[in-house]
Amino acid sequence: MANLKSLAKDTAIYGMSSIIGRFLNYLLVPLYTAKISAASGGYGVITNIYAYTALLLVILTYGMETTFFRYANKTDQNPQKVYSTVLSMVGLSSLLFIAMVFVFLQPICGFMGYSAHPSYVWVMAVTVAIDAFQCIPFAYLRYKKRPIKFAAFKLLFIALNIVLNLVYYLVLGGHEVGYAFYINLVCTGTITFCFWRELKEGFFAGGKLLDMPLAKKMLSYSWPILILGIAGILNQTAGYILFPYVYKGNDAHAQLGIFGAASKIAMIMSMITQAFRYAYDPFIFAEKKKDDASARRAYSSAMTYYVLFTLFIFLAVVSYMDVLKLLIRPAYYPGLSVVPWIMAGQLMFGVYFNLSLWYKVTDRTYWGGILSVLGCALTVLIIIVLAPRYGFMACAWASVIANGGVMLVSYFLGQRYYPVDYELKKLGGYVLLTTLCYALEWGIGRVLEGFPLLQMALNTVVLVAFALVILRNEVPRETLYQLRNKLRGVLRR
């Protein structure tokens with residue numbers, strides 16, 4: 001229980017940095033959509049470029065974050081040597097990537113459709129290479145249990161990014177799409193200097209910077225994670241990358257911009273999942289060192305709490321869609337229909353990540369690669385077949401179908417190789433309850449169309465009732481009594 005509390009605390013800290021940061025970044029969405037018209041497709045360019053960036057970040061880290069945690073927690077390894085070796089490997093590969101991009105810049109720009117704007121490509125390449133290198137010091141902070149410092153650096157980046165965007169687009173009245181990328185490069189480079197202490201510990205702590213025998217072992221462990229990561233990120237970004245190639249209309253970037261802006265509302269689910277992932281990798285390997293039976297109970301409890309919290313988040317977002325949609329301009333409202341689908345897909349991806357512990361703790365990481373390739377292939381197939389006819393909705397449907405499919409396959413394989421007694425009956429009941437609440441709110445929206453305040457009031461009643469059911473069933477009665485007494489004391493004051 002103590003370790004679950006530690007997991008919850010670290011997730012909360014990582015989550016606050018992620019949620020606050022993403023929320024502040026949301027402030028850039030109305031800024032971009034106000035300064036860049038939907039018809040011009042400018043926001044579609046931003047969406048497309050950042051989708052490539054997300055994919056490249058996974059490639060350039062090639063599973064070394066998880067590998068670092070695995071080897072740093074091995075009793076026969078020196079954690080400092082592991083850190084120095086991983087830092088050196090990712091640093092060298094990032095430099096090589098930058099060099100290759102500049103050598104082949106024109107062909108790359110032509111393939112991506114940005115021959116007229118090569119700066120978009122090279123700025124993106126340099127930024128993502130620095131980002132990949134930074135992932136290792138960030139992982140080191142997680143290993144050292146320094147979530148406050150981790151969160152501070154993340155928030156510093158966000159604050160600097162927002163300030164510079166506001167200065168250019170609002171104060172100076174700029175409207176060029178490329179400046180969003182230039183600003184990102186400046187902010188990313190600035191944060192690198194904040195890691196001087198962690199870089200000093202990695203590069204100048206003495207001993208070999210790159211232990212080749214250790215590096216070979218880690219690469220044999222990490223390559224399936226790389227495949228897993230590529231396929232996993234493609235499950236999330238394939239729509240943003242492939243859409244301009246498969247959509248038949250002349251307004252592909254305009255439609256992509258609408259899809260990208262609307263899907264930002266659903267990104268709170270990916271924030272929760274990302275925060276959980278930051279805390280979960282160190283958690284599962286630390287638990288594995290202890291009693292196996294208690295570790296499996298802890299894994300089951302972690303799954304339950306994750307699903308309950310994300311179901312509540314799903315219902316909260318759809319309950320207040322009329323408020324959240326104000327983050328984007330009305331011209332982008334046609335894309336709001338994707339929000340529930342994207343959130344459901346992200347929730348399933350989070351469950352899949354939670355289930356992935358079975359192949360990590362048993363060193364069967366190749367299964368992660370197989371499952372992710374399966375999900376990726378399904379995602380790409382659905383987009384290629386359906387996007388020409390149904391537009392960006394096909395991308396949202398692909399998220400649910402692909403993530404749901406690999407989630408189920410991973411569960412059954414996990415029960416074979418490393419069985420965990422998950423509370424399936426309970427979780428199934430809560431999923432059904434969430435579905436009923438969502439259907440009720442949808443019906444309220446149809447009946448009370450044109451009365452948004454009354455609609456949100458009734459949605460609030462549904463949401464509160466859902467939360468009370470969870471609290472009554474999942475929180476110990478003694479804790480509820482303590483909370484009630486504290487609340488009464490506050491009210492009496």
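This is a short presentation on the helices, buried residues and enclosed spaces of one protein structure.

Good morning, colleagues. The structure before you is a predicted model, and every value I quote has been computed from it.

I begin with the overall architecture. The protein has 22 helices and 0 strands. Its chain comprises 493 residues, and 53% of them count as buried. If one takes the contacts with a separation of 6 or more, 81% join residues that are 24 or more positions apart.

Let me turn to two helix pairs. In the first, helix H6, residues 105-112, packs against helix H7 at an angle of about 110°. The axes of H6 and H7 lie 9 Å apart. An angle from 65 to 115 degrees counts as roughly perpendicular, and H6 and H7 are therefore roughly perpendicular to each other. On the H6 side, the contact is made by Leu105, Gln106, Ile108, Cys109 and Met112. Their partners in H7 are Pro118, Val121, Trp122 and Met124. By class, this contact of H6 with H7 has 8 nonpolar residues, 1 polar residue and no charged ones.

The second pair is formed by helix H20, residues 424-447, and helix H21, residues 452-474. They pack at an angle of about 170°, and their axes are 9 Å apart. H20 is therefore roughly antiparallel to H21. From H20, the residues in this contact are Lys426, Tyr430, Leu433, Thr434, Cys437, Leu440, Glu441, Ile444 and Gly445. They meet a set in H21 that includes Gln455, Leu458, Val462, Phe466 and Glu474. The contact of H20 with H21 divides into 11 nonpolar, 5 polar and 3 charged residues.

I move now to individual buried positions, beginning with Thr67. This residue sits in helix H4, which covers residues 64-72. Is Thr67 buried or exposed? Thr67 has a relative accessible area of 0%, and therefore counts as buried. Setting aside residues up to four places away in sequence, Thr67 touches Met218, Tyr221, Ser222 and Ile225.

Ser94 belongs to helix H5, residues 79-103. With a relative accessible area of 4%, Ser94 is also buried. Beyond its neighbours within four places in sequence, Ser94 is in contact with Ala129, Ala132 and Phe133.

A third position is Ala302, in helix H14. Ala302 is buried because its relative accessibility is 3%, and under 20% counts as buried. Ala302 and Asn354 are 52 residues apart along the chain, yet their C-alpha atoms are separated by 8.2 Å.

My next topic is empty space. Rolling a probe the size of a water molecule over the atoms shows where such space is left.

How many cavities of 30 Å³ or more does the structure hold? There are 3 of them. The second largest has a volume of about 50 Å³. Its lining consists of Ile49, Tyr50, Thr53, Val123, Met124, Thr127, Phe181 and Asn184. Helix H3 (42-61), helix H7 (118-143) and helix H9 (178-194) each give two or more residues to this lining. Met124, which lines this cavity, is also among the H7 residues that meet H6. By class, the lining of the second largest cavity has 5 nonpolar residues, 3 polar residues and no charged residues.

Turning to the pockets, the largest contains about 670 Å³ of space. It is lined by 24 residues, and those nearest its centre are Leu311, Leu347, Met348, Met407 and Val431. At least two lining residues come from each of helix H14 (292-319), helix H16 (339-355), helix H19 (393-417) and H20. The lining of the largest pocket divides into 20 nonpolar and 4 polar residues, with no charged residues.

The second largest pocket holds about 550 Å³. Which of its 19 lining residues are closest to its centre? They are Val318, Met321, Trp442, Gly445 and Gln455. Two or more lining residues are supplied by each of H14, helix H15 (321-324), H20 and H21. H20 gives the most, with 5 residues. In this second largest pocket, the lining has 8 nonpolar, 6 polar and 5 charged residues. Gly445 and Gln455, which line this pocket, also take part in the contact of H20 with H21.

I close with H20. This helix packs roughly antiparallel to H21, supplies at least two residues to the lining of the largest pocket, and gives the most to that of the second largest pocket. Thank you for your attention.

Key. Residues numbered from 1 in each chain as written. Predicted model: local features only at pLDDT ≥ 70, side-chain atom pairs only at ≥ 80, totals over all residues. Heavy atoms only, no water. 1 Å grid on protein atoms, 1.4 Å probe; cavity = no way out; pocket = protein on both sides within 12 Å on 5 of 7 lines; lining within 4 Å. Points joined across faces, edges and corners; volume = space filled by probe spheres on them. Helix = DSSP H or I, 4+ residues; strand = E, 2+ residues; numbered from the N terminus. Nonpolar A, V, L, I, M, F, W, Y, C, P; charged D, E, K, R; others polar. Axes fitted to C-alpha atoms, helices over the stretch in contact; angles between N-to-C directions. Parallel < 35°, antiparallel > 145°, perpendicular 65-115°, else oblique. Contact = heavy atoms within 4.5 Å. Buried < 20%, exposed > 50% of the residue type's maximum accessible area, 1.4 Å probe, protein only.
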